[in-house]
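User: Please examine the structure shown here with me. I should like to go through it question by question.

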Amino acid sequence: MNKQQLAAKIWASANQMRSKIEANEYKDYILGFIFYKYLSDKELQFAKQQDFSDEDIKALSEADTETVEHIKSNIGYFIAYKDLFSTWIKMGKDFDVSNVRDALSAFNRLISPAHKKIFDGIFDTLQTGLSKLGDSAGSQTKAISDLIQLIKDIPMDGKQDYDVLGFIYEYLVGMFAANAGKKAGEFYTPHEVSLLMSEIVAYHVKDKKEIRILDPTSGSGSLLINIGNCAAKHMDDKDNIKYYAQELKKNTYNLTRMNLVMRGIIPNNIVTRNGDTLEDDWPYFDENDSVNSYNPLYVDAVVSNPPYSQQWDSSNKETDPRYARFGIAPKTKADYAFLLHDLYHIKPDGIMTIVLPHGVLFRGGEEGVIRKKLIEGNHIDAIIGLPANIFFGTGIPTTIIVLRQKRENTDILIVDASKGFIKVGKNNKLRASDIKRCADAFINRQTTPKYSRVVSRDEIRENDYNLNIPRYVDSSATTESWDIYASMFGGIPVNEIDELGKFWQAFPGLRDTLFSKTSSHHAELKVEDVKNAITEHTDVKAFATNFKASFGEFGAYLKNELLTNMESVNISREEAVLSKDIFKRMESVPLIDKYEAYQLLDDDWTKIEGDLEIIQTEGFAATKIVDPKMVLKKKGKDEEEVQDGWMGRIMPFELVQETYLKDELQNLKQKESRLLEITVEYEEILDSLSEEEKEGDIVNDAMDGFVTAAVAKEAKQIQADRKKNGALVVDSYEAKIVKVSELFAEEKELKKQLYLETAKLHLLTKETIEQLSDEQVFELLELKWITPFVIALNNLPTVLIHELTTQVQALADKYATTYSAVVEEIHETETVLASLIDELTGNEFDTKGLSEFQLLLKGE
């Protein structure tokens, strides 16, 4: 399984195993055990690097103080052999909840003094929560045993950016957040929002050799880690990034520490605090030496997603240096308190991004005063409006505010990114193209109609420092208008044709080909076949040719990047390399949105990335490996994992069959097609029976889908009678029953053949993958990675031309039927109806009623 499949499998099982335990609580248990496994495996890895034999490892115990100190001084902690995660697995039925309690208690005793801040109390939440996993020691033991069996296969050694552990941890945090309701906001910022903030920060710090980043409301630590990962892409040494995190809630603080440690960040680069950010600011003094130390924290970047509009104690904050310059946030809403805290801790050339509710952009009172000072102080760099319902647990619209201590420019970039998302379940989600479009708008400070605008400080002053996004960027859809003259007399308004201006600019001669003016304000369609007129136009053909020329060698370029260099390509940076090439090629291509092309790349990239990670980790031979396909099946009250065939580690069975086993696959498809035909045939025959014939039990069974022996028996009897009495009458009941019986028999035999031949093809596919030549592997990878993407990319001009065709045809149809024509048609219908009334007869009252109706129809 690749990391996506493994993560999904663990989540599905964990979600079922948690039973009635809240998702917000259960996450602390499974993530705690994953972290303990990581620490155990890391100690084993260190021991083997130090040439410990298997017997030496089995002898690891607290009693051997020299070895304990040696291991502690190197990795920061010591775990005895009896307490290792792998030992728990080996214990089998002898494993007990007490083993976990003893191990966690021992861990707290055996932490190196130099690593105390990182590891001290890190398992407290897990330790105190063990009792919630069952009513008795036995039930707790079973729950824990099931859980450790579930996670035992997670690999812990990250190679070539193959960070399976980190991916699974992040995946589980996200899935638990999706199921935790309002509590999700306490520990999770959606991955896509993290990525957007990361791109903004990473661009700002990209030229620095060393950076320090802080998240004062760190939650699970995912936001901080994403910032670090993104910044690391621009640096030669990721160990030059130092992480600072503060978190109020103890269990969530533990998640932060676990997450940072598991990402391979060196201990000296992890500085964390469990405290109230607003009440207990990062200490200016070393807590272990408050007399001789003074070191206020100033960092290159601060990122945060604090609790929205929560109450706080605003009293006695006048002398707090964080708030002295700008003012104190109201006690009912701490939003600006968090913002000013973040701003205080960035260096003069630093940057900060914070997620807050939209209200901070326009609310008055103390917040209005603070906002004015921030604007006049030239600290607000950009405002990005996010889609509503993008965070778990709240549907309110939010904004990312970017601030800096010092800027040369005095304007503010305002981006309305609220319309760019896809719907996933109950929530909205930013796509990769939405993130890149927004990040590019920030980096380039672009003004784009209905999306982004650079606004001068003078204009903001004129608006009384109100930063509400719609005041500056109108992203609302254009309201459809109707031309009164064209509605009455026909024709197409010239101003509505003008609205397609981007097309007329790209295709200069097309407008005159399609339309001719009937007056200064109106035109008419000159062609009957709009689609043909557009697709065959010289300008449109030239556009398609230009696109083809721009991407003519793109397939070859991808082959070189992804296939030739598959074992050495830098996976974490390659998508950016490919997108840069795509954007370069599209510079000469008008109309097509380059971010649509980027989305096509990203849609394909997850698949490519997963395969490349496996190849770079396990070697090229992994392309020819077939693994058992494991599925969960019910066994009594429980579910157990059983094998259900085979699956390629990289090569999809379907692709191999379509490429190298075409005849066998075609034979199966023909049989499947015949099965469908048989069903249609006998259903048509049964439907053709009379209602009286359908009343029999045999026909009823057949019509309900039951192929009974009774049908065959009756058919056999009819056949016997036919020998005595001669041929059956065509379309008679007897002939139809015989035909249905024959079709049932054919269907039964065909299903048997299909079952056997499907199984045979499955095994043949397995053998084919295992015996692939290197050339065949390259061919299949090209078909899997490159061909679908290139086809989708080359379809973009067709999609755009179809869009233009649809809009032109809609314009023509909009005014094709005039109001006067509709009135005339109504009048003709009324006249015909009035004349028909003369032919009707009835009693005296009917006649009077019809006469009055006739007068109304005639307009009298």
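User: Leaving aside neighbours within four places in sequence, which residues are in contact with F421?

Analyst: F421 is placed in the loop between β8 (412–416) and β9 (422–424). Contact means heavy atoms within 4.5 Å. With neighbours within four places in sequence left aside, the residues that F421 contacts are P387, N428, K429, R431 and D434.

User: What kind of model is this?

Analyst: Residues are numbered from 1 along each chain as its sequence is written, and side-chain values use heavy atoms, with hydrogens and water left out. Local features need pLDDT of at least 70, side-chain atom pairs count only at pLDDT 80 or more, and totals for chains, interfaces and linings use all residues, this being a predicted model.

User: Is F421 buried, partly exposed or exposed, and how far in space is F421 from K58, C-alpha to C-alpha?

Analyst: Buried means under 20% relative accessible area, exposed over 50%, and partly exposed in between, with a 1.4 Å probe and protein chains only. F421 has a relative accessible area of 30%, so it counts as partly exposed. F421 and K58 are 363 residues apart in sequence, and their C-alpha to C-alpha distance in space is 54 Å.

User: How many helices and strands does the chain have?

Analyst: Helices (H or I, at least four residues) and strands (E, at least two) are DSSP runs, numbered from the N terminus. By this rule, the secondary structure of the chain comes to 36 helices and 16 strands.

User: What share of the residues counts as buried?

Analyst: The C-alpha trace spans about 110 × 85 × 65 Å along its principal axes. The chain has 860 residues, and the share that counts as buried is 46%.

User: Among contacts between residues at least 6 apart in sequence, what share joins residues at least 24 apart?

Analyst: The question concerns contacts in the chain between residues at least 6 apart in sequence. Of these, the share that joins residues at least 24 apart is 73%.

User: In the open sheet of three strands, which strands stand at the edges?

Analyst: Two strands pair if DSSP finds at least two bridges between them. The order of the sheet is β12-β14-β13, with antiparallel pairing. One side of each edge strand is left without a neighbour in the sheet, because each has a single partner strand; these strands are β12 (492–493) and β13 (515–517).

User: Which residue in β14 stands opposite I492?

Analyst: β12 and strand β14 (residues 522–525) pair in the antiparallel sense over two bridges. Opposite I492 in β14 stands A523.

User: How many aromatic pairs are there?

Analyst: A pair of aromatic rings is described by the distance of the centres and the angle of the planes. Rings of Phe, Tyr and Trp (its six-membered ring) pair if their centres lie within 6.5 Å; planes under 30 degrees apart count as stacked, over 60 as edge-to-face and the rest as tilted. By this rule, the count of aromatic pairs is 28.

User: Why does the pair of F33 and W88 tie together parts of the chain, and how many residues apart are those parts?

Analyst: The ring centres of F33 and W88 are 6.4 Å apart and their planes stand at 75°, so the pair is edge-to-face. F33 is buried at 0% relative accessibility, and W88 is buried at 1%. Because F33 lies in helix α2 (residues 23–49) and W88 in helix α5 (residues 85–91), the pair joins parts whose separation in sequence is 55 residues.

User: What is the angle between the planes of F107 and F119?

Analyst: F107, in helix α6 (residues 97–109), and F119, in helix α7 (residues 116–119), are 12 residues apart. F107 is buried, with a relative accessible area of 1%, and F119 is buried at 4%. Their edge-to-face pair has a distance of 5.9 Å centre to centre, and the angle between the planes is 90°.

User: Is Q140 buried or exposed?

Analyst: Q140 is found in helix α9 (residues 137–151). Beyond its neighbours within four places in sequence, Q140 contacts V97, R101, L130, S131, L133 and G134. With a relative accessibility of 8%, Q140 counts as buried.

User: Not counting residues up to four places away in sequence, which residues does D604 touch?

Analyst: D604 lies in helix α26 (residues 594–618). Its relative accessibility is 9%, so D604 counts as buried. Outside the residues up to four places away in sequence, D604 touches W785 and F789.
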